[in-house]
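User: I'm new to reading protein structures and would like a close look at just one part. Could you pick a helix and walk me through what surrounds it?

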Amino acid sequence: MNPDVSKSSIMPAVAIIGIGCLFPKSPGLKSFWQLLLHGKDAITEVPESHWSPADFFDEDPKKPDHVYCKRGGFLSPAPFDPSRFGIPPSTLEATDTSQLLGLLVARAALEDAGYGESSAFDRDRTAVILGVTGTQELVIPLGARLGHPVWRKALNNAGIEADATEKIISDIASQYVSWQESSFPGLLGNVVAGRISNRLNFGGTNCVVDAACASSMSAVNHAILELETRRADMVITGGVDTLNDIFMHMCFSKSQILSPTGDVRPFSKDADGTLLGEGVGLMVMKRLEDAEKAGDRIYAVIRGLGSSSDGRSQSIYAPNSDGQASALRRAYDRAGVDPATIGLVEAHGTGTRVGDEVEFRALTQVFAGTKSNGRKQKCAIGSVKSMIGHTKAAAGTAGLIKAALALHHKTLPPTLKATEPDPKLNVASSPFYIASRIRPWFSAFETPRRSGVSAFGFGGS
């Protein structure tokens, strides 16, 4: 423990008692652990259900309105019975996929925690706080329908007759989802949490947090505050990011963030960018004392969480190692834990050379000043993005679930595609080693098994 940290600033322990998830090639918690355990690669070509490479792909990153990457981590179709949640089937077309899959995974997480539909617990003191970011999938097609004045003007200028013009406009409009009474709530990100509270009958706080790629960890932070202040006794929290459509690929492509070779290689000398992933990862949390009193199964215990912003910097896109180090130190101070006792760091590890170098520098800065200095390569470091891609709003949760399962199963899962580290990182003389193969995880005699998890977002979040 840092001697400068008072006991009153130590965060009350929070228990993870239930987990539900959907990730690429992982339609549930057990399959996600199997993917992690066996080091499976869930990165694939974009499926036909998302967008057509024939329409949008070009190797030239500068070609307007085209993307230079067509690989990522994509969710498989999931069965959804609207009647089980009391949702009229007629409204499904106007309801965002994130809202529907969020319901499925929230129910699965509750069942995993032992609090299924027939269980008795205080629903009025159950909160739902999720990380949700970016535009939701219905915003683009519904907004596109409003382009009809532009289409009409272009057709008129081209000399197309009025009847033909109206038919063409009608044909174009029919390719998009139509506006309905339920479209407005159906496209809103905050309703991902609201629909869970509504359909599962919870009376506690429901809201979503947008901190870019740090959204789900920021949501966990707010969830812990709900428990710490005793405004809630149980919280469903995590991240939801379910559709990487062509718009989202265009955003990342034109920012030159995606890998042109189509792989995520965290901390590797061959790293050349990230890939987008899709996922929903939700956890049920309680105060540790309450979980133990109720006899809940506990996957892992959260002892501390730190957050920070970079302040003024050269660019809103550029990460800052000092800002990241501040968040790390605050987490360990709140936990009253020495970083020397950490056996695994599940890093943000996007596979971008600059981002990984900044993150590794921040981690080394914090860890090298601990008692572990002089005992090099003690702590494993990895990133689940090498397997499933960058799930953005769900990225922190994917890492947190991985860490919780690793602790629970006493196993250090592998990270893919990072067998030869980036020489700029100087990994050999750092406190870390890249976990490139599965290992058993034994606790040191004096401390329990401990893991750290990082997530960062645009704007130094």
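Analyst: Let's take helix 12 and begin with its hidden side: the buried residues are Ser 321, Gly 323, Gln 324, Ala 325, Ala 327, Leu 328, Ala 331, Tyr 332 and Ala 335. Keep in mind that this is a predicted model. A general point helps in reading such a list: an α-helix has 3.6 residues a turn, so residues three or four places apart point the same way. What do these buried residues pack against? Their partners are helix 13 and strand 14 (451-453).

Now for the helix as a whole. Helix 12 has 15 residues, and from its first C-alpha to its last it reaches 21 Å, close to the 21 Å expected at 1.5 Å a residue. At its start, a side-chain oxygen of Asn 320 comes to within 2.8 Å of the backbone nitrogen of Asp 322. Just after the other end, Gly 336 has a positive phi of about 70°.

One residue deserves a second look: Tyr 332, which forms a ring pair with Phe 367. Why is this pair called edge-to-face? The ring centres of Tyr 332 and Phe 367 are 5.9 Å apart and the planes stand at 85°, so the pair is edge-to-face; the angle counts because it is over 60 degrees. The pair joins distant parts of the chain, as Tyr 332 sits in helix 12 (residues 321-335) and Phe 367 in helix 13 (residues 353-367), 35 residues apart. Both of these residues are buried. Tyr 332 and Phe 367 also belong to a cluster linked by ring pairs, together with Phe 267, Phe 360 and Phe 432. In the whole structure there are nine aromatic pairs.

Key:
Residues are numbered from 1 along each chain as its sequence is written. This is a predicted model: local features need pLDDT of at least 70, side-chain atom pairs count only at pLDDT 80 or more; totals for chains, interfaces and linings use all residues. Side-chain values use heavy atoms; hydrogens and water are left out. Rings of Phe, Tyr and Trp (its six-membered ring) pair if their centres lie within 6.5 Å; planes under 30 degrees apart count as stacked, over 60 as edge-to-face and the rest as tilted. Helices (H or I, at least four residues) and strands (E, at least two) are DSSP runs, numbered from the N terminus. Buried means under 20% relative accessible area, exposed over 50%, partly exposed in between (1.4 Å probe, protein chains only). The expected span of a helix is 1.5 Å times one less than its number of residues. Contact means heavy atoms within 4.5 Å. A polar contact is a pair of N or O atoms within 3.5 Å; within protein, one must be able to donate a hydrogen and the other to accept it, and residues adjacent in sequence count only if both atoms are side-chain atoms.
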